[in-house]
Amino acid sequence: MKQCTSYEVVCSYLPPNLRASMNRVSPESKEKVNEIRIRVGRPTSFVFSDKTLYLKKSGMLEYSHRANDLLIIEKRDIDNITASLCKFSIHSCSRELTDAFFSIENGIRVGVAGTFSTFENGVIKYVNSLNFRISRQIKGCAEELYNKIFAAAPKSVLICGGVNSGKTTILRDLCRLCGEKYKTSLIDERRELSAIANGIPTNDVGIQTDILDGCRRSYGIISAVRTLSPTVIFCDEISTQEDAEAILNGYGCGVKFAATIHAGSLTELYSRDAASSLLERGVFDYAVMLEGEGMPGKIREIRRISKNA
């Protein structure tokens, strides 16, 4: 059976009126769009690496949000999409509505905004916008990084960049390359890296890669160290002290790590709480700085940050 494109996956969650307009969009725009943002009372926006365009009923994309005949999203459209994301069982998706995102097919993450309940660890009660972040596997984009750091022997690396800089895309391909040579564990909390469906990865993440998906990063790291004897552990977006403690635990057991972190510069990297203790202990051998949103996936600098590298 032919696998659906990520754009087709997004369309499958939309109500008929919006899906019809989305299907009329040009093939080039379908291929290049990075985010599809749907907000109540406003037109659907298509976010590309260098511009944002707005959807007309005809399927044309306009630069101006004041253009005629734009398809304005109604509350019932948002409610229908949310119900579809929840498989029509809102109560079974309390974790997603607490964490404010869904993970769907092809590794697509859907960010959710709205009104939270007033309870501790509240859930979103009223959704007012959704952001479908398109995930793509680009084989070969991490070859330079792999050849410089991992080909001779595995090292630990932090891939650093801002929003939409291509961190996850680079990490995914690096995992594929490492998983061809080393015992690799992938902690895929948001299912963006492996795009796992019914227990089967739909992205190529390497022949020797074991995948732990849907669990918290810290738990997955500790579990992998205890039971899977990995040479390298991959994880996306380390951000908490629990993540750092789990990585330190694995480092103490001789495991190497490849991870991403939100940092646009080395100065910003060293200021991040989740990274500071790891950098002080020399856990990571290299920091990879990406160019940024305008040039996603392009490496600006590979910096050695540990004397042991």
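Okay, let's start with a helix: α7 gives the most to the lining of the largest pocket, with five residues. Before I go on, keep in mind that what you see on the screen is a predicted model.

So, that pocket. The largest pocket holds about 820 Å³ of space. There are 34 residues lining the largest pocket, and those closest to its centre are N34, I134, N164, G166 and T169. If you ask which elements give two or more residues to that lining, they are α3 (27–32) and α7 (167–178). What about the chemistry? By class, the lining of the largest pocket splits into eight nonpolar, 12 polar and 14 charged residues.

Now the second largest pocket, with about 480 Å³ of space. It has 23 lining residues, and E96, F102, S103, I104 and R191 lie nearest its centre. Here the elements giving two or more residues to the lining are α5 (94–99), β5 and β10 (196–197). Which of them has the largest share of the lining? That's β5, with four residues. By class, we get 10 nonpolar, five polar and eight charged residues in the lining of the second largest pocket.

Okay, next: the sheets. Let's begin with the one that β5 belongs to. It's an open sheet of seven strands, in the order β4-β3-β2-β1-β7-β6-β5, and the pairing is antiparallel. At the edges you find β4 (61–62) and β5 (101–104), each pairing on one side only. So β5 turns up twice in this talk: as an edge strand and in the lining of the second largest pocket.

Let's zoom in on one pair in that sheet. Strand β1 (residues 35–39) and strand β2 (residues 45–47) are antiparallel partners, with three bridges. If you want a spot to click on, find R37, which stands opposite S45 in β2. Helix α2 (residues 16–23) packs on this sheet and touches β1, β2 and β3 (52–55). The direction of α2 makes about 125° with that of β3.

There's another helix to look at here. α4 lies across β1, β5, β6 (108–116) and β7 (124–133), and α4 runs at about 80° to β7. Let me pick one residue from α4, which covers residues 75–85: T82. Is T82 buried or exposed? It's buried, because its relative accessible area is 8% and the cut-off for buried is under 20%. And who are its contacts? Leaving out residues up to four places away in sequence, T82 touches I90, V127 and L130.

Right, on to the other sheet. This one is also open and has seven strands, but the order is β12-β9-β13-β14-β8-β15-β16 and the pairing is mixed. Why is one side of β12 and of β16 (299–304) left without a neighbour in the sheet? Because β12 and β16 stand at the edges, each with a single partner strand. On average, neighbouring strands in this sheet are turned by 15° against each other, direction ignored.

My favourite strand here is β9 (residues 184–188). It's mostly covered, with five of its five residues buried. A quick bit of background: in a regular strand the side chains alternate between the two faces of the sheet. You can follow that in β9, where T184, L186 and D188 point one way while S185 and I187 point the other way, and all are buried.

β9 also has a partner on each of two strands. With strand β12 (residues 209–213), β9 runs parallel, joined by five bridges, and S185 stands opposite D210 in β12. With strand β13 (residues 232–235), β9 pairs in the parallel sense over four bridges, and there L186 stands opposite F234. Elsewhere in the sheet, strand β8 (residues 157–161) and strand β15 (residues 286–290) are a parallel pair with four bridges. The bridge partner of V157 in β15 is Y286.

Last stop: closed-off space inside. How many cavities of 30 Å³ or more does the count give? One. The largest cavity has a volume of about 70 Å³. Its lining is made up of I187, D188, E189, R190, E192, L193, R217, D236 and E237. You've met I187 and D188 already, as buried residues of β9. By class, the lining of the largest cavity has seven charged residues, two nonpolar and no polar ones.

That's my tour, thanks for listening!

Terms used: Residues numbered from 1 in each chain as written. Heavy atoms only, no water. 1 Å grid on protein atoms, 1.4 Å probe; cavity = no way out; pocket = protein on both sides within 12 Å on 5 of 7 lines; lining within 4 Å. Points joined across faces, edges and corners; volume = space filled by probe spheres on them. Nonpolar A, V, L, I, M, F, W, Y, C, P; charged D, E, K, R; others polar. Buried < 20%, exposed > 50% of the residue type's maximum accessible area, 1.4 Å probe, protein only. Contact = heavy atoms within 4.5 Å. Pairing = 2+ DSSP bridges. Axes fitted to C-alpha atoms, helices over the stretch in contact; angles between N-to-C directions.
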